[in-house]
Every structure is written in C-alpha cells, then in structure tokens.
Amino acid sequence: MAIGTLEVKLVNAKGLGGTDFLGGIDPYVLIQYKGQERKSSVARNEGGSPVWNEKFTFRAEYPGSGDDFKIILKIMDHDTFSADDFLGQTTIYVKDLLALGAENGTSELRPQKYSIVGDNLNYTGEILVGVTFTQKETEYDREEVGGWKQSEY
C-alpha cells in the first residue's frame with residue numbers, strides 16, 4: 001500500500017455567478033477528500049473571478065479503504081449576516097493519479113480548468129486546480145525484510 005501526501009493547488013476561478021442582493025460575492029472553496037476537509041481563504045471583493053494561489057495537503061492511501069478516490073471542491077459565497085451560499089461544485093477523480101504515484105513515487109495533474117456545476121446542474125463557471133501525489137512510504141518501509149545473512153538455512 002502506498003501512503004503519501006495529496007497536494008491540491010487552488011489557483012483561481014472565473015465566471016462565478018453572484019447570489020447576493022447587492023451583486024457582489026466573496027467566494028471561498030471547501031475542499032474534501034475521504035473525510036478530510038480544508039477551507040480556502042475568502043476572496044473578498046474579488047467577485048466572480050477570484051484568485052487564491054493556495055496549497056492544501058491531504059493524507060492519501062492507495063489502494064485504500066473504499067473506492068471513492070475523488071476530490072470535491074465546493075465553491076461558496078461568504079455572507080456576513082446570513083448563511084453562506086452554495087455557488088457550485090466540481091469533482092476531480094484521482095484514482096489514476098494515485099496509482100501512478102504509487103508506482104513511480106510521485107505523479108502530477110498540472111493546473112487545469114474544471115467546470116463548476118450549480119444546484120440546478122447548470123454551468124456556473126470554471127476553476128483552475130492542480131493536484132500532486134507524493135509517496136511517503138510503502139508497507140515494506142515499516143518492517144524488516146530478511147536477507148541471506150538473517151536466514152536460518
């Protein structure tokens with residue numbers, strides 16, 4: 001089993017639709033991977049084209065428990081006086097990335113655009129995200145494997 005770090009680079013977004021009464025939005029992103037969640041900073045006064053340039057790390061195992069090797073990015077609008085509004089989300093499937101990283105030690109999806117889909121399944125913009133997996137250890141790194149000198153025969 002390969003254990004390592006999944007690094008998500010959140011670059012920017014474009015074309016986000018506003019839901020506020022005054023038309024301005026203060027977007028942020030909730031990033032989820034297998035029960036782990038990270039939150040980006042709020043891009044205040046950047047409207048529908050926010051820039052984050054932030055990195056987030058997650059612990060990842062391959063092959064691990066379950067089969068849901070996906071990163072979910074939920075784009076939210078921060079509201080001061082009411083509940084935050086859901087703007088849309090996108091999903092990045094990383095099973096092949098993890099498999100390649102388990103084989104080679106590291107693998108990368110360079111930053112690329114992903115479509116953001118809203119509640120009504122309509123396109124609500126795009127987000128630029130990159131993902132890297134770096135293997136930290138294998139199951140053999142934690143145990144001694146005998147050689148010729150340790151053999152009894």
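Which backbone nitrogen does the side chain of serine 40 reach? Let's find out in this predicted model.

## Serine 40 and its surroundings

The answer is the backbone nitrogen of valine 29, at 2.8 Å from the serine 40 side chain. To locate serine 40, look in the loop between strand E3 (36–39) and strand E4. Serine 40 counts as buried because its relative accessibility is 4%, below the 20% cut-off.

Leaving aside residues up to four places away in sequence, serine 40 touches Leu10, Tyr28, Val29, Trp52, Glu54 and Phe56. Among these, Trp52, Glu54 and Phe56 belong to the covered face of E4.

## Strand E4 and its partner

In a regular strand, side chains alternate between the two faces of the sheet. Strand E4 spans residues 51–62, and its covered face also includes Phe58, Ala60 and Tyr62. On its uncovered face you will find Val51, Asn53, Lys55, Thr57, Arg59 and Glu61.

E4 pairs with strand E1 (residues 2–14) in the antiparallel sense, over 10 bridges. Within this pair, lysine 9 stands opposite lysine 55 of E4.

## The nonpolar core

The largest nonpolar core holds 30 residues, and Leu6, Ile71, Val94 and Ile127 touch the most other members. Elements giving two or more residues to this core include E1, E2 (27–33), E4, E5 (70–77) and helix H1 (95–104). E4 gives the most, with five residues.

Val94 is a good place to look around: setting aside residues up to four places away in sequence, valine 94 touches Leu6, Tyr33, Phe69, Lys70, Ile71 and Val131.

Technical notes:
Residues are numbered from 1 along each chain as its sequence is written. This is a predicted model: local features need pLDDT of at least 70, side-chain atom pairs count only at pLDDT 80 or more; totals for chains, interfaces and linings use all residues. Side-chain values use heavy atoms; hydrogens and water are left out. Buried means under 20% relative accessible area, exposed over 50%, partly exposed in between (1.4 Å probe, protein chains only). Helices (H or I, at least four residues) and strands (E, at least two) are DSSP runs, numbered from the N terminus. Two strands pair if DSSP finds at least two bridges between them. A polar contact is a pair of N or O atoms within 3.5 Å; within protein, one must be able to donate a hydrogen and the other to accept it, and residues adjacent in sequence count only if both atoms are side-chain atoms. Contact means heavy atoms within 4.5 Å. A nonpolar core is a set of buried Ala, Val, Leu, Ile, Met, Phe, Trp, Tyr and Cys residues joined through side-chain atoms within 4.5 Å.
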